[in-house]
Amino acid sequence: MPYSYDDQNIFAKILRGEIPNDTVLETDHTLAFRDIEPQAPVHVLVIPKGPYVSYDHFAAEASDAEIIDYTRAIAKICAQEGISLDDNPGFRMISNAGAHGVQEVPHLHVHLLGGRRMGRMVQPA
Ligand code: 5GP
C-alpha cells in the first residue's frame with residue numbers, strides 16, 4: 001500500500017506557520033520544537049519538513065540530503081539540550097508509527113526525551 005500523507009495534520013500546520021511552536025532548531029530540511037505536553041524535563045519533537053508520515057516512509061523515499069540533515073539535526077539537538085552522552089547519562093528516542101505504534105500525529109516525528117531516568121520501554125496496551 002502506498003504511503004498517504006494528510007496535509008491537514010497539526011505538524012503540517014506548524015510547518016506552514018499556521019500554529020506557533022517553541023522552536024529548538026531549524027535547518028534546511030528539519031524542524032525541532034518542544035512537545036506541548038512534555039513527558040520529561042527535555043521533550044523535543046524532531047520533524048522533517050517534507051511530507052512523510054512515518055520513519056519507514058522517510059527512510060524509503062526521502063532524499064539523501066534530507067536524511068543526512070535530519071540525522072545530523074538530532075545530534076545537534078542532543079548536544080544543545082545537554083542530553084548527549086557527552087555530558088549526560090542519556091536519553092530515549094521514540095518514533096511511533098500507525099495504529100499499532102499509537103501514532104497521534106501522522107507526520108514523522110522523533111521524540112527526544114531526557115533529563116530523567118525513563119520507565120519501561122513498552123507498557124501493556
Ligand atoms: P505521537 O503520539 O504521534 O507519537 O506524538 C504526538 C505528540 O505531539 C504528543 O506528544 C503531543 O503532546 C504532541 N503535540 C500534539 N499537538 C501538538 C502541538 O500543537 N504542538 C506541539 N508542540 N506538540 C503537539
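These legends walk you through close-up views of a predicted model, from its ligand to its two largest pockets.

A few ground rules first: residues are numbered from 1 along each chain as its sequence is written, and side-chain values use heavy atoms, with hydrogens and water left out. Because the model is predicted, local features need pLDDT of at least 70 and side-chain atom pairs count only at pLDDT 80 or more, while totals for chains, interfaces and linings use all residues.

**View 1. The shell around the ligand.** Here you meet the 16 residues that surround the ligand, each with a heavy atom within 4 Å of it. The closest are Asp35, Asn96, Glu104, His109 and His111. By class, the shell holds eight nonpolar, four polar and four charged residues (Ala, Val, Leu, Ile, Met, Phe, Trp, Tyr, Cys and Pro count as nonpolar, Asp, Glu, Lys and Arg as charged, and the others, Gly among them, as polar). Helix H1 (10–15) and strand S2 (30–34) each supply at least two shell residues, and H1 gives the largest share, three residues. Helices (H or I, at least four residues) and strands (E, at least two) are DSSP runs, numbered from the N terminus.

**View 2. Polar contacts to the ligand.** Look for pairs of N or O atoms within 3.5 Å. A ligand oxygen atom lies 2.7 Å from a polar backbone atom of glutamate 104, and a ligand oxygen atom is 2.8 Å from a polar side-chain atom of histidine 111. At arginine 34, a polar backbone atom is 2.9 Å from a ligand nitrogen atom. On its own the ligand has 520 Å² of accessible area, and the protein covers 86% of that (Shrake-Rupley method, 1.4 Å probe).

**View 3. The largest pocket.** A pocket is an open set of points on a 1 Å grid over the protein atoms alone, where a 1.4 Å probe fits, with protein on both sides within 12 Å along at least five of seven lines; lining residues have an atom within 4 Å of a point. The largest pocket holds about 1,200 Å³ of space, and the ligand sits in it, with more than half of its atoms within 2 Å of the grid points. Of the 36 lining residues, Gln39, His43, Asn96, Glu104 and His111 lie nearest the centre.

**View 4. The second largest pocket.** This pocket has a volume of about 150 Å³, the space filled by probe spheres set on the points, which are joined across faces, edges and corners. Its lining includes Asn88, Phe91, Arg116 and Met118.

Methods. A polar contact is a pair of N or O atoms within 3.5 Å; within protein, one must be able to donate a hydrogen and the other to accept it, and residues adjacent in sequence count only if both atoms are side-chain atoms.
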